[in-house]
Amino acid sequence: MKLKHIILPIMAAFLLFSGCTKEVNYYGAQIETYRFNINPAEWIRVEGNNLPGANNYLYCTKEIPAINSEVFNYGNVQAYVWNVYDGQNNLGAWNTLPFVYPLEVYYNNDDGTQSMGIVPENLRFEWELGKVTFIIQDLDGYDPLALGDGQTLSFKVSISHNM
């Protein structure tokens with residue numbers, strides 16, 4: 001009777017774990033990093049109806065031949081944007097994409113006064129074989145405002161794959 005209580009759990013464990021496989025990479029991973037400085041003239045504007053929820057955005061595509069079929073099937077691509085949060089002291093940080101930042105905007109009221117509001121800008125990226133595309137879009141769907149007050153934006157793209 002005791003033998004039955006021991007054999008049954010052992011058989012169940014054997015059946016449970018016999019279908020599991022674990023992939024182990026003994027060689028490590030290779031990481032390549034590319035940097036891009038995108039100036040305002042490089043952004044391409046896609047205009048929807050310029051209405052709330054419309055498909056209005058800016059994009060810029062950069063070629064990266066290292067994003068090959070091995071990376072596409074087994075690797076990873078991650079992008080970052082450099083954001084200066086203190087211009088007087090030149091302090092900034094790399095921010096992982098997607099990154100949402102608040103942009104101050106001023107609206108003209110019917111009575112001639114101005115009101116200040118915040119529009120969140122979404123900065124994200126897409127990647128495919130051989131290229132990466134950076135996209136900027138207002139979260140309200142309107143046309144994105146002047147990008148970074150006309151400044152060049154810095155991006156970093158890291159690609160990891162097996163060696």
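**Strands, hairpin and aromatic pairs in a predicted model**

Four strands make up an open sheet in the order E1-E9-E4-E5, and their pairing is antiparallel. Strand E1, spanning 29–38, and strand E5, spanning 91–96, stand at the edges of this sheet with a single partner strand each, so one side of each is left without a neighbour there. From one strand to the next, the twist averages 25 degrees. These values, like those that follow, are computed from a predicted model.

The partner of E1 is strand E9, residues 153–162, and the two run antiparallel, joined by 10 bridges. Within this pairing, Thr33 stands opposite Ser158 of E9. As a general point, the strands of a sheet pair through backbone hydrogen bonds, in either a parallel or an antiparallel manner.

Seen as a whole, the protein chain contains 2 helices and 9 strands, and along the sequence these follow the pattern α-β-β-β-α-β-β-β-β-β-β. Of the 163 residues in the chain, 28% are buried.

A second set of pairings involves strand E8, residues 131–138, which is mostly covered, with 7 of its 8 residues buried. Strand E3, residues 57–63, runs antiparallel to E8 and is joined to it by 6 bridges; in this pairing Tyr59 has Ile135 of E8 as its bridge partner. Strand E7 also runs antiparallel to E8, with 8 bridges between them, and here Glu121 stands opposite Asp138 of E8. The hairpin of E7 and E8 has 2 residues between the strands, and in it Gly130 takes a positive phi near 80 degrees.

Strand E7, which covers residues 114–128, includes Met116. With a relative accessibility of 46%, Met116 counts as partly exposed, because that value lies between the 20% under which a residue is buried and the 50% over which it is exposed. Together with Tyr106 and Ile118, Met116 forms a nonpolar patch on the surface, and the accessible area of these residues together is about 340 Å².

The aromatic side chains offer another way through the model. A pair of aromatic rings is described by the distance between the centres and the angle between the planes. The count of such pairs here comes to 6. One of them joins Phe72 and Trp127, whose ring centres are 5.9 Å apart and whose planes stand at 75 degrees; the pair is therefore edge-to-face, an assignment that requires an angle over 60 degrees. This pair links distant parts of the chain, since Phe72 belongs to helix H2 (residues 69–74) and Trp127 to strand E7, 55 residues apart. Both rings belong to partly exposed residues, Phe72 with a relative accessibility of 44% and Trp127 with one of 27%. Elsewhere, Phe36, Trp43, Phe134 and Phe155 form one aromatic cluster.

Finally, the loop between E1 and strand E2 (44–46) contains Pro40, a residue that is partly exposed with a relative accessible area of 35%. Pro40 and Cys60 are 20 residues apart in sequence, and their C-alpha atoms are 9.9 Å apart in space.

Methods: Residues numbered from 1 in each chain as written. Predicted model: local features only at pLDDT ≥ 70, side-chain atom pairs only at ≥ 80, totals over all residues. Heavy atoms only, no water. Pairing = 2+ DSSP bridges. Axes fitted to C-alpha atoms, helices over the stretch in contact; angles between N-to-C directions. Patch = residues over 30% accessible without salt bridge, like charges linked within 9 Å, V, L, I, M, F, W, Y side chains within 5 Å. Areas by Shrake-Rupley, 256 points an atom, 1.4 Å probe, with all protein chains shown as cover. Salt bridge = Lys/Arg side-chain N within 4 Å of Asp/Glu carboxyl O. Buried < 20%, exposed > 50% of the residue type's maximum accessible area, 1.4 Å probe, protein only. Phe/Tyr/Trp six-rings, centres within 6.5 Å; stacked < 30°, edge-to-face > 60°.
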